[in-house]
Every structure is written in C-alpha cells, then in structure tokens.
Amino acid sequence: MILPIVAYGDAVLRKKGKEVTKDYPHLQQLIDNMWETMYNASGVGLAAPQVGLPIRLFLVDATPFADDEELTEEEREQLDGLKKVFINAEMVEETGNEWPFNEGCLSIPDVREDVFRNQTITIKYMDEDFNKKVDSYSGIAARIIQHEYDHIEGILFTDKLSSLKKRLIKNKLDKISKGLIKVDYKMRFPLAKKVR
Ligand code: NI
C-alpha cells in the first residue's frame with residue numbers, strides 16, 4: 001500500500017525517532033508499504049518519520065546509482081549490494097574529508113542543494129530480522145545512509161545549508177508546507193487547507 005509522504009513543515013520530521021521493538025505492530029507490513037511508497041516516488045531512501053512515524057527505521061536502495069560509469073569497481077559493488085532495512089541505527093563514526101553532493105528529499109520536492117558530509121561512515125543497526133550488524137560505507141553509499149539516518153534524528157538536509165542558501169529557499173519551503181506545489185506522488189501537507 002502506498003502511504004502519503006509527509007511534507008516539510010510537519011512536526012513529525014523534527015522528532016528524534018524512538019527505538020523499534022520486535023513486537024512493533026505489523027512491522028513487516030510497514031516495511032513492505034515503505035518500499036512500495038519509496039519506489040512509487042522514485043526515491044533511493046525513505047525513513048519512517050516521512051510516513052508519519054517517529055521511529056528508528058529507514059530503508060535504502062542504492063542500486064540505481066550503481067550504473068554510473070564513472071564509479072570504480074569497488075564503489076559499484078557497494079552500491080549494487082545496498083538494498084537494506086536499517087532498524088535502530090546508531091552512527092558509530094563519520095570520517096574522511098567532507099565532500100559536496102547534490103541532495104534532494106521526498107519530503108521536500110523540487111529542492112536540490114549541495115550538502116557537505118564526511119566521506120566514510122560506520123553504522124550499527126539491526127536488519128529486518130533483528131540481527132545486529134555493523135557496516136562501513138563510503139562515497140554515495142554513505143551519503144544515502146547519512147541522509148536517511150538524519151531523518152530518524154529529526155534532521156533535514158536543508159538544515160545543513162548556509163544561512164544565505166536557507167534564505168533563498170525559504171519561500172519554496174513555505175509553499176511545500178502549504179501544498180502549493182505539483183508533485184506526482186501522494187503527499188500530506190501540514191499547512192494545506194485539505195488533504196489532496
Ligand atoms: Ni529525505
């Protein structure tokens with residue numbers, strides 16, 4: 001089932017996510033719905049707060065990036081293998097030079113900006129069967145995870161922009177909150193007059 005994606009301005013996007021327990025109601029159903037919702041919106045990642053749930057759950061499918069011909073063999077393999085559910089993730093370490101990458105977000109349609117983040121991460125999490133994992137990623141793979149991880153901490157990529165950039169996109173963000181944008185997937189706008 002495709003779920004409405006919560007738009008910029010909704011308080012749920014600002015909450016620090018709560019731990020997910022094994023007995024969380026209908027967890028597998030939720031994960032299935034999140035995959036469907038993400039693919040329907042052509043996303044490469046989706047976090048539970050974006051479907052209105054302030055819990056530590058996100059999923060990532062980086063495989064669309066693996067086709068890039070400029071990637072090294074190693075980078076390609078890392079992206080090709082990155083289709084995963086992350087439960088109760090905690091960032092262990094972020095290292096390496098900060099580098100810019102043009103980010104977007106399904107909750108903030110039509111806004112894309114360069115964001116600087118560290119090159120390499122180590123993250124601990126549980127997979128969808130609640131097996132404990134610790135993995136390291138770098139480059140675009142790390143980037144996608146860093147963006148989604150921020151969502152479960154209540155952080156959005158626009159928070160990381162310069163104050164000048166923030167001023168420049170303010171009107172656009174206000175319009176998104178009010179639903180005054182065209183978007184080709186189902187959304188929920190915090191300040192819209194009615195849900196559409
Ligand atoms: Ni996002």
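Me: What makes a charge count as sitting over a ring?

Reply: A charge sits over a ring if NZ of Lys or CZ of Arg is within 6 Å of the ring centre and within 35 degrees of the ring normal. In this predicted model, the charged end of Lys 83 sits over the ring of Trp 35, at 4.2 Å from the ring centre. That distance is within the 6 Å limit, so the distance condition holds.

Me: Which ring does the charged end of Arg 143 sit over?

Reply: Arg 143 has its charged end over the ring of Trp 99, and the distance to the ring centre is 4.7 Å.

Me: Why are the rings of Trp 35 and Tyr 39 called a pair, and is that pair stacked or tilted?

Reply: The centres lie 5.8 Å apart, and rings pair if their centres lie within 6.5 Å. The planes meet at 10°, and planes under 30 degrees apart count as stacked, so this pair is stacked. Trp 35 and Tyr 39 are four residues apart in helix α1, which means a separation of about one helical turn.

Me: How do you know whether Trp 35 and Tyr 39 are buried or partly exposed?

Reply: Buried means under 20% relative accessible area, and exposed means over 50%. Trp 35 has 12%, so Trp 35 is buried. Tyr 39 has 37%, which falls between the two limits, so Tyr 39 is partly exposed.

Me: Why is the pair of Phe 86 and Tyr 125 given the label that it has?

Reply: The ring centres are 4.4 Å apart and the planes stand at 45°. Stacked needs under 30 degrees and edge-to-face needs over 60; 45° meets neither condition, so the pair is tilted. Phe 86 belongs to strand β4 and Tyr 125 to strand β5, 39 residues apart. Both Phe 86 and Tyr 125 are buried. Ring pairs also bring Phe 58 into a cluster with Phe 86 and Tyr 125.

Me: What makes Arg 117 and Glu 103 a salt bridge?

Reply: Their closest N and O atoms are 2.8 Å apart. The cut-off is 4 Å between a side-chain nitrogen of Lys or Arg and a carboxyl oxygen of Asp or Glu, so the pair qualifies. Arg 117 lies in strand β5 and Glu 103 in strand β4, so the bridge ties together parts 14 residues apart in sequence. Arg 117, at 5% relative accessibility, counts as buried, and Glu 103, at 4%, counts as buried too. Salt bridges with shared partners join Glu 103 and Arg 117 with Arg 143, Asp 150 and Lys 160 in one network.

Me: How do you know that Asp 135 and Lys 84 form a salt bridge, and are they buried or partly exposed?

Reply: The N to O distance is 3.2 Å, within the 4 Å cut-off, so a salt bridge is assigned. Asp 135 has a relative accessible area of 22% and is partly exposed. Lys 84, at 23%, is partly exposed as well.

Me: What makes Cys 105, His 147 and His 151 donors of the nickel ion?

Reply: Cys 105 (SG), His 147 (NE2) and His 151 (NE2) lie 2.1 to 2.2 Å from the nickel ion. Donors are N, O and S atoms within 2.8 Å of such a metal, so these atoms qualify. Cys 105 lies in strand β4 and His 151 in helix α3, so parts 46 residues apart in sequence are tied together. Along the chain, the donors follow the spacing C-x41-H-x3-H.

Conventions:
Residues numbered from 1 in each chain as written. Predicted model: local features only at pLDDT ≥ 70, side-chain atom pairs only at ≥ 80, totals over all residues. Heavy atoms only, no water. Buried < 20%, exposed > 50% of the residue type's maximum accessible area, 1.4 Å probe, protein only. Helix = DSSP H or I, 4+ residues; strand = E, 2+ residues; numbered from the N terminus. Donors = N, O, S within 2.8 Å, 3.2 Å for Na, K, Ca; no water. Phe/Tyr/Trp six-rings, centres within 6.5 Å; stacked < 30°, edge-to-face > 60°.
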